Amino acid sequence: LVTGVQTCALPIYLKHYWYLARLEKPLKRYLRWFYGQVREVYVPSRSVREALLADGLKDNFKFWPRGIDTERFAPSKRSKAWREKYGIGPDEIVVLHVSRLVREKRLDTLTGALQRIDLPYRGVIVGDGPDRAFAEAAVPKAVFTGFLSGEDLATAYASSDIFVFPSDSESFGNVTLEA
């Protein structure tokens, strides 16, 4: 039993780490072998299944429907106190991003877009990772909360106005459902 197959995103990940690009063929060969040994591989969508089949994987896929707790992730969690805690003014638009802070989430696209907004706004970036320093340097006026979960994460979503998620490597991004 295996979940979370990312082989279809492998070429996208590797383009962000050029020094690993030469490993694409051996990695794909290994992943075909590995996933071929298990009884079931759970995939989030038909498009992911099709991409994996195109990569030569065995068709031992089972669909894993995804969802979120709509009582937890709800607009009713919006909080003036949360916005004040982070120094966000009442007239500022909150542009939120939630992810691991790594290259393949397209932090370059995110930070470039935030640098170009010409409105009273505050960027809020939830998450942590090896490329946090890059993002902090690129958008120094943004709020970086670090990793949030549970009610804290739900409050961050509800207290924001716009959600931005530029990643092109997700097989299924739960953050988009949560937002």
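## Charges over rings

Let's start with a charged side chain: Arg66 lies over the face of Trp64, with 4.6 Å to the ring centre. This comes from a predicted model. A second arginine, Arg46, sits over the face of Phe63, at 4.9 Å from the ring centre.

## Trp64 and its aromatic partner

Trp64 also has an aromatic contact, as it pairs with Tyr42 in an edge-to-face arrangement. The ring centres are 6.5 Å apart, and the planes stand at 80°. Tyr42 belongs to strand β2 (residues 41-43), while Trp64 is found in the loop between β3 (61-63) and α4 (80-85), so this pair ties together parts that are 22 residues apart in sequence.

Are these two residues buried or exposed? Tyr42 is partly exposed, with a relative accessible area of 22%. Trp64 is also partly exposed, at 37% relative accessibility.

## Aromatic pairs and the cluster

A pair of aromatic rings is described by the distance of the centres and the angle of the planes. The structure holds 8 aromatic pairs. In one of them, Tyr30 and Trp33 have ring centres 5.8 Å apart and planes at 40°, so the pair is tilted; the tilted class lies between the cut-offs of 30 and 60 degrees.

Where do Tyr30 and Trp33 lie? Both are in helix α2 (residues 24-37), 3 residues apart, which is about one turn of the helix. Tyr30 is partly exposed, its relative accessible area being 45%. Together with Phe34 and Tyr35, Tyr30 and Trp33 form one aromatic cluster.

Note on methods. Residues are numbered from 1 along each chain as its sequence is written. This is a predicted model: local features need pLDDT of at least 70, side-chain atom pairs count only at pLDDT 80 or more; totals for chains, interfaces and linings use all residues. Side-chain values use heavy atoms; hydrogens and water are left out. Rings of Phe, Tyr and Trp (its six-membered ring) pair if their centres lie within 6.5 Å; planes under 30 degrees apart count as stacked, over 60 as edge-to-face and the rest as tilted. Helices (H or I, at least four residues) and strands (E, at least two) are DSSP runs, numbered from the N terminus. Buried means under 20% relative accessible area, exposed over 50%, partly exposed in between (1.4 Å probe, protein chains only). A charge sits over a ring if NZ of Lys or CZ of Arg is within 6 Å of the ring centre and within 35 degrees of the ring normal.
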